[in-house]
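Hi everyone, thanks for coming. I'd like to walk you through a structure I've been looking at, so please have a look at the screen.

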Amino acid sequence: MNGKLPIYEAEDDILKNLKDKNRLIIQSPTGSGKYTQVPQILYKNNVNRDGAILILQPRRIAARLLALRVSRELGVRLGDIVGYQVRFEDVSSENTRIKYVTEGILLRILLSNPTLDGVKVVIFDEFHERHLYGDISLARILLLQKTKRPDLKIIVMSATLNIANLREYLTPCGEISCNGRLYPVGVEYFDQPKLPMWEAAALAFSKYRRCGDVGDVLVFMPGGYEIRKTIEELERLNESRGYLILPLYGDLPAELQDAAVSQYDKPKIVVATNVAETSITIEGIKAVIDSGFAKIPRYDSHRGINTLYNEKISRASAEQRTGRAGRTAPGICIRLWNEREHQNRPAEQQPEIERLELSEVVLMLKA
């Protein structure tokens, strides 16, 4: 099955580029298999030799679920050849060669092991999101490669990248574009400005069901409170009878996260934050209902701290969410705003380094 994933069409190019150059950009859309297969391609071809492949994942839930999936595909116990490390949880060992880590963990590794001894490849996944610590880590590891570790290999991957800027920053580097495996997804706009987003989402689901459509549904909400309100609204609907309704967000216990991405003999509705926007595959999604909002960290000048705000997502994020409905069959995305507003949204999300207070980063760099 994995051999049929589109990323394998680029396997030879990946290996050749990493042999000729130690830096590589991989641009590949949702459905190509890059999250799980690129580390396996490197491992099976001994690119990492006896060292580790570190894969940077912005979200803890993605790091854990991707490591679990890769361990199953390789037929090994999680924590042995394949592992992960997130805050308060380290499921890895001295035998681990493919290790998924979050941004804070990678910085801690750099503090305790400044030359990354024992690490041969570092992969930056979902780089288009431009998280602060992802940017800082790339800069630090690039400097390390230029000075003490010319053998270290760096891969930057994303579905939507500003290739020109990144190419200029990483030059000399290889560059690969790969096709995804997406079915057509229709987009509809369902603007209900006078309603709370959870009520609008329930109305959109009712509309979807009244059209006779059946299948798993993914609903995007910005946070845990909105998810709970959405689930309450959905549970009141006649149209949701027979559906499992499951939450998915980063602070959920692992068993509830696993439940949301599992397959069942009945349809399900997964109500998720943007943890489901990329990386995590939820099989069988036929419809996406998108609130158009996410929790965005930003500096609050009045309180003097970084905090989370409910903000409108960019057009790029909306496209990522739409693509979740086209993984296994044709689908539909219902956006809870209007088309004119969509065109007025920013093309991409502003990088975190431009909207957060940087004292903590400066102190960490001093360390």
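Let's warm up with a question: which residue in strand 6 does L54 stand opposite? It's V122. Before I go on, please keep in mind that this is a predicted model.

So, what's around that pair? Strand 2, residues 52-56, and strand 6, residues 119-124, run parallel, and 5 bridges join them. Another pair you can find there is A52, whose bridge partner in strand 6 is V119. If you're new to this, strands of a sheet pair through backbone hydrogen bonds, and the pairing can be parallel or antiparallel.

Strand 6 also pairs with strand 7, residues 153-158. Those two are parallel as well, with 4 bridges between them. Find V121 on the screen, and across from it, in strand 7, is K153. How does the chain get from strand 6 to strand 7? The route goes through helix 5, and this β-α-β crossover is right-handed.

Is strand 6 enclosed or open to the outside? Well, 5 of its 6 residues are buried, so strand 6 is largely enclosed by the rest of the structure. Also handy when you look at any strand: in a regular one, the side chains alternate between the two faces of the sheet.

Now zoom out to the whole sheet. There are 8 strands in it, the sheet is open, and the order is 4-3-5-2-6-7-1-8, with mixed pairing. You can spot strand 2, strand 6 and strand 7 sitting in a row in that order. At the edges are strand 4, residues 89-91, and strand 8, and each of these pairs on one side only. From one strand to the next, the twist averages 15°.

A helix packs on this sheet too: helix 3, residues 60-74. The strands touched by helix 3 are strand 3, residues 82-86, and strand 5, residues 98-101. The directions of helix 3 and strand 3 make an angle of about 170°.

Okay, next: the loops, where the backbone does a few things I want to point out. Let's begin with P172. The loop that holds P172 connects helix 6, residues 163-170, with strand 8, residues 174-177. The peptide bond from T171 to P172 is cis, and omega is near 0°.

Then there are two arginines with positive phi. R49 has a phi near 50°, and R49 isn't a glycine. You'll find R49 in the loop between helix 2, residues 34-44, and strand 2. Is R49 buried or exposed? R49 counts as exposed, because its relative accessibility is 59% and the cut-off is over 50%.

The other arginine is R130, with a positive phi of about 50°. R130 sits in the loop that leads from strand 6 to helix 5, residues 132-147. With a relative accessible area of 30%, R130 is partly exposed.

R130 shows up again when we look for empty space inside. How many cavities of 30 Å³ or more does the structure hold? There are 2. The largest holds about 70 Å³ of space. Its lining includes R130 and H131, along with L56, P58, F124 and F127. How do you find such a space? Rolling a probe the size of a water molecule over the atoms shows where empty space is left.

Let me finish with three residues from other places. K148 is in the loop between helix 5 and strand 7. K148 counts as exposed, at 64% relative accessibility. From K148 to R72, 76 residues apart along the chain, the C-alpha atoms are separated by 35 Å.

P267 is in the loop between helix 9, residues 254-261, and strand 12, residues 268-272. Here the relative accessible area is 24%, which makes P267 partly exposed. P267 and R241 are 26 residues apart along the chain, and their C-alpha atoms are separated by 9.9 Å. Beyond its neighbours within four places in sequence, P267 is in contact with residues including G215, Y243 and L244.

And finally T230, in helix 8, residues 224-235. Buried or exposed? T230 is buried, at a relative accessible area of 1%. Leaving aside neighbours within four places in sequence, T230 has contacts that include W198, M221 and V271.

That's my tour, so over to you for questions.

Notes: Residues are numbered from 1 along each chain as its sequence is written. This is a predicted model: local features need pLDDT of at least 70, side-chain atom pairs count only at pLDDT 80 or more; totals for chains, interfaces and linings use all residues. Side-chain values use heavy atoms; hydrogens and water are left out. Buried means under 20% relative accessible area, exposed over 50%, partly exposed in between (1.4 Å probe, protein chains only). Two strands pair if DSSP finds at least two bridges between them. Axes are lines fitted to C-alpha atoms, for helices over the stretch in contact, and angles run from 0 to 180 degrees between N-to-C directions. Contact means heavy atoms within 4.5 Å. A crossover is right-handed if, with the strands pointing away from the viewer, the path from the first strand over the helix to the second runs clockwise. On a 1 Å grid over the protein atoms alone, a cavity is a set of points where a 1.4 Å probe fits but cannot get out, and a pocket is an open set with protein on both sides within 12 Å along at least five of seven lines; lining residues have an atom within 4 Å of a point. Grid points are joined across faces, edges and corners, and a volume is the space filled by probe spheres set on the points.
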